[in-house]
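Colleague: I'd like to go through this one with you feature by feature. Could you give me the general idea each time, and then the case at hand?

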Amino acid sequence: MAETLLDKVWDAHTVRTLPSGQTQLFIGLHLIHEVTTPQAFSMLKQLGLRVRMPERTFATLDHIIPTLSQARPYADPLAEEMAVHMIRNAADFGVPLFDLDSGRQGIVHVIGPELGLSQPGMTIACGDSHTSTHGALGAIAFGIGTSQVRDVLASQCLAMAKPRLRQVRVDGVLAPGVYAKDVILTIIRRLGVQGGNGYAYEYGGSTLDAMSIDERMTICNMSIEGGARAGYVNPDNTTFEFLRGRRFAPQGPAFDRAVQWWRQLASDSGAPYDDRVQFDAAAIEPTVTWGINPGQSVSVSESIPGDADPEALAFMGFTRGTRVQGTKIDVAFIGSCTNGRLSDLEEAARIVRGHHVAPHVKALVVPGSKEVARDAEARGLHEIFQEAGFEWRGAGCSMCLGMNTDQLVGQQVCASSSNRNFKGRQGSPTGRTLLMSPAMVAAAALAGEVADVRQMLEEGVPA
Ligand code: SF4
């Protein structure tokens, strides 16, 4: 019988069906960080338990890491305390930690794929909502809460209900200036921020087939913003070439054997889905959020709809029927696990090269990992950004959320390549976030207002 990747991976990882009807699911890879683990490790200590499979558990520091000076001790005592806990717990429980000295530190969803830890057919869990990112490699990856982090640490298993599966096809060619971020914002806008409740999303179609793994990660990353429990892309040659030679990927003949296994995990043709939706890539434009959730977006050439949520309008200071294009910005942020990878930085650098950030804009580029930073610096991208007036920072979550010193102030408006525009997300309770692609953030930084990157690509950016 034809099966989907979700069916195959779920069955391969089922330990048993629990009396509740949930599945006891084996977790192949557990990624942890400093924010959602201290309580979980404390509970393990209280119960006298060890980490069941430290060889399948990997830790990093990301959310609270300062990005200006990363020297210890951190200026923020709370950040320092969380780092100390993570370092101590990793040592006490024998869990490998990619800390700042390792040269491999970074956002958990950037380093997992980068190190070749995230592989097709795996079940992956992490105490962070955007764990769905790893689905870009053909894995089934779930964000989990602190008590579930404890469960996975202690048993390497989770009690989970199998989600239904929606096939999300995108076909056709994206126009210049339109990126994976625009695709996922368009998907969420149409299906709704709760449209994926109870579902996992399988992304496919010719547009996804043509995308790099970085682009697929941007798509899968925001599955949770559409309510989906997980999101994945079937593994293909792009996946295998991405993994070849990475530190934790199988090597030599073992890699070739793994590719054979990975290839047959992809959904079979004729496999059944609970729902199917289709998008036309050619109809997608550069997209910007105007509201307080990622579904409240418009294309940059469109007006805010007549039925727009009054609470969101009041908070953001927009009115129905007006455009987001032309909105003055105070801050431009390029980074996060959605869009803090090398290809994101390369595309943004292409826009800013030889130009300058508007005088009133504070602009930051925060690489998603130390490796992204090294690769970008080897290509001279840091110099392009710095010459344009951007700050070039150390790796971390930074301004994606207000858990470190990179925060909005007052009612500042931020053009951001991150994934959430909830009230208060970027540190100020009244700060306003406009989500968009890194290229659009770069365009906004130069113009000092929300701009259409397509025009800049066609006509050249302002001098
Ligand atoms: S970059 Fe943002 S969404 Fe991603 S792991 Fe960090 S805080 Fe979470």
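Colleague: Let's start with Glu371. Leaving aside neighbours within four places in sequence, which residues is Glu371 in contact with?

Modeller: Keep in mind that this is a predicted model. With the neighbours within four places set aside, Glu371 is in contact with Gly103, Arg104, Glu114 and Arg246. Glu371 itself sits in helix H14, residues 370-378.

Colleague: And is Glu371 buried or exposed?

Modeller: Buried means under 20% relative accessible area. Glu371 has 15% relative accessibility, so it counts as buried.

Colleague: Now the ligand. Which residues surround it?

Modeller: The shell includes His63, Ile107, His109, Asp128 and His130. From further along the chain come Ser336, Cys337, Cys397, Cys400, Leu401, Asn419 and Arg425. Sorted by class, that makes five nonpolar, five polar and two charged residues around the ligand.

Colleague: Ser336 is in that shell. What is the phi of Ser336?

Modeller: The general idea here is that most residues other than glycine have a negative phi. Ser336 has a positive value, near 90°, and is not a glycine. You'll find Ser336 in helix H12, residues 336-339. Its relative accessibility is 1%, so Ser336 counts as buried.

Colleague: Where is Ser398 found, and what is its phi?

Modeller: Ser398 is in the loop between strand S17 (391-392) and strand S18 (413-416). Its phi is positive too, near 50°, again in a residue other than glycine. At 0% relative accessibility, Ser398 counts as buried.

Colleague: What about the peptide bond from Arg72 to Pro73?

Modeller: As a rule, most peptide bonds are trans. The one from Arg72 to Pro73 is cis, with omega near -5°. Look for Pro73 in the loop between S4 and helix H3 (77-93).

Colleague: On to strands. How do I read which way the side chains of S3 point?

Modeller: In a regular strand the side chains alternate between the two faces of the sheet. Strand S3 covers residues 29-32: Leu29 and Leu31 point one way, His30 and Ile32 the other. All four of these are buried.

Colleague: Which sheet does S3 belong to, and in what order do its strands come?

Modeller: S3 is part of an open sheet of five strands with parallel pairing, in the order S5-S4-S3-S6-S7. The edges are strand S5 (97-98) and strand S7 (140-143), each pairing on one side only.

Colleague: How many bridges hold S3 to its partners?

Modeller: S3 and strand S6 (residues 123-126) pair in the parallel sense over three bridges. Within that pairing, His30 stands opposite Ala125. Three bridges also join S3 to strand S4 (residues 57-60), again running parallel. There, Leu31 has Phe58 as its bridge partner.

Colleague: How does the chain get from S3 to S4?

Modeller: The chain crosses through helix H2 (residues 38-47), and this β-α-β crossover is right-handed. On the other side of the sheet order, S6 and S7 pair in the parallel sense over four bridges, with Cys126 matched to Gly143 in S7.

Colleague: What is the strand order in the sheet that holds S17 and S18?

Modeller: That is an open sheet of five strands with parallel pairing, ordered S17-S16-S15-S18-S19. S17 and strand S19 (432-435) are the edge strands, each paired on one side only. Strand S15 (residues 331-334) pairs with S18 in the parallel sense over three bridges, and Val331 has Cys414 as its bridge partner.

Colleague: Which helix packs on that sheet, and which strands does it touch?

Modeller: Helix H16 (residues 438-447) packs there, touching S15, strand S16 (362-365) and S18. The direction of H16 makes about 150° with that of S15.

Colleague: Last one: why is H13 described as largely enclosed?

Modeller: Count its buried residues. Eight of the eleven residues of helix H13 (residues 342-352) are buried, so the rest of the structure largely encloses it. Among them are Leu342, Asp344, Glu347 and Val352. After H13 comes Gly354, with a positive phi near 80°.

Colleague: How many residues of H1 are buried?

Modeller: Seven of the nine residues of helix H1 (residues 5-13) are buried, and the helix is mostly covered. Lys8, Trp10 and His13 are among them.

Key
Residues are numbered from 1 along each chain as its sequence is written. This is a predicted model: local features need pLDDT of at least 70, side-chain atom pairs count only at pLDDT 80 or more; totals for chains, interfaces and linings use all residues. Side-chain values use heavy atoms; hydrogens and water are left out. A residue is near a molecule or strand if one of its heavy atoms lies within 4 Å of it. Ala, Val, Leu, Ile, Met, Phe, Trp, Tyr, Cys and Pro count as nonpolar, Asp, Glu, Lys and Arg as charged, and the others, Gly among them, as polar. Buried means under 20% relative accessible area, exposed over 50%, partly exposed in between (1.4 Å probe, protein chains only). Helices (H or I, at least four residues) and strands (E, at least two) are DSSP runs, numbered from the N terminus. Two strands pair if DSSP finds at least two bridges between them. A crossover is right-handed if, with the strands pointing away from the viewer, the path from the first strand over the helix to the second runs clockwise. Contact means heavy atoms within 4.5 Å. Axes are lines fitted to C-alpha atoms, for helices over the stretch in contact, and angles run from 0 to 180 degrees between N-to-C directions.
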